[in-house]
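Good morning, and thank you for the time. I should like to take you through one structure, beginning with the whole chain and ending with a few single residues.

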Amino acid sequence: MSPRILYGFHAVMVRLKTAPASVLEIHLDPERRDARMRQFTERVREANVKLVHSPGAQLDQWAGTSRHQGVLA
């Protein structure tokens with residue numbers, strides 16, 4: 001099975017809750033530092049998933065859109 005890209009807070013969080021072993025790593029836009037991102041980052045760390053800081057432009061390219069909210073798995 002080839003890797004699939006999920007993006008956005010809701011999609012990534014649902015995958016972490018329902019199939020955490022399927023999430024290889026999560027890329028975050030380091031420019032986004034609001035409360036929602038801090039809470040999300042805390043939950044990802046609790047799930048023991050690798051976190052990678054990636055520029056927003058890179059996330060745009062991988063997601064094929066700029067609507068990723070700074071989160072991509």
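A word on terms before the first residue is placed: a strand here is a DSSP run of type E with at least two residues, and strands are numbered from the N terminus. With that in hand, His-27 belongs to strand S1, which covers residues 25–28. I shall return to His-27 after an overview. Please keep in mind throughout that this is a predicted model.

Let me start with the architecture. The protein chain contains 3 helices and 3 strands. Read from the N terminus, these elements follow the order α-β-α-β-α-β. The radius of gyration is 11 Å, close to the 11 Å that the globule rule gives for 73 residues, so the protein chain is as compact as a globular protein of that length. Measured out along the principal axes, the C-alpha trace spans about 30 × 25 × 20 Å.

Next, contacts and surface. Among contacts with a separation of 6 or more, 69% are between residues 24 or more positions apart. Of the 73 residues, 34% are buried. The chain exposes about 5,000 Å², and carbon and sulfur atoms supply 50% of that area. As for charge, there are 11 positive and 7 negative charges, and their mean positions lie 6 Å apart.

I now return to His-27. Is this residue buried or exposed? His-27 counts as buried because its relative accessibility is 9%, and the cut-off for that class is under 20%. Its side chain has two polar contacts to report. One, of 2.9 Å, joins it to the side chain of Glu-25; another, of 2.7 Å, joins it to the side chain of Ser-54. Leaving aside residues up to four places away in sequence, His-27 touches Val-52, Ser-54, Leu-59, Trp-62, Gly-70, Val-71 and Leu-72. For Gly-70, 43 residues away along the chain, the C-alpha separation from His-27 is 7.9 Å.

The partner Ser-54 deserves its own description. Where does Ser-54 lie? It sits in the loop between strand S2 (50–53) and helix H3 (56–63). With 4% relative accessibility, Ser-54 is classed as buried. Not counting residues up to four places away in sequence, its contacts are His-27, Leu-28, Asp-29, Pro-30, Leu-59 and Trp-62. Leu-59 and Trp-62 thus appear in the list for Ser-54 and also in the list for His-27.

Another buried residue is Thr-41, at 10% relative accessibility. Thr-41 is part of helix H2. Beyond the residues up to four places away in sequence, it touches Leu-28 and Leu-51.

Finally, two backbone conformations. Which phi value does Asn-48 adopt? Asn-48 has a positive phi of about 60°, although it is not a glycine. This residue is located in the loop between helix H2 (35–46) and S2, and it is exposed, with a relative accessible area of 71%. Gln-69, likewise not a glycine, has a positive phi near 65°. Gln-69 lies in the loop between H3 and strand S3 (71–72), and its relative accessibility of 33% makes it partly exposed.

To close, I would leave you with the side-chain pair at the centre of this talk: His-27 and Ser-54, joined by a polar contact of 2.7 Å, with His-27 buried at 9% and Ser-54 buried at 4%. Thank you.

Key. Residues numbered from 1 in each chain as written. Predicted model: local features only at pLDDT ≥ 70, side-chain atom pairs only at ≥ 80, totals over all residues. Heavy atoms only, no water. Helix = DSSP H or I, 4+ residues; strand = E, 2+ residues; numbered from the N terminus. Rg over C-alpha atoms; globule rule 2.2 N^0.38 Å. Buried < 20%, exposed > 50% of the residue type's maximum accessible area, 1.4 Å probe, protein only. Contact = heavy atoms within 4.5 Å. Areas by Shrake-Rupley, 256 points an atom, 1.4 Å probe, with all protein chains shown as cover. Lys, Arg positive; Asp, Glu negative; His and termini not counted. Charge placed at Lys NZ, Arg CZ, Asp CG, Glu CD. Polar contact = N/O pair within 3.5 Å; in protein donor to acceptor, adjacent residues only side chain to side chain.
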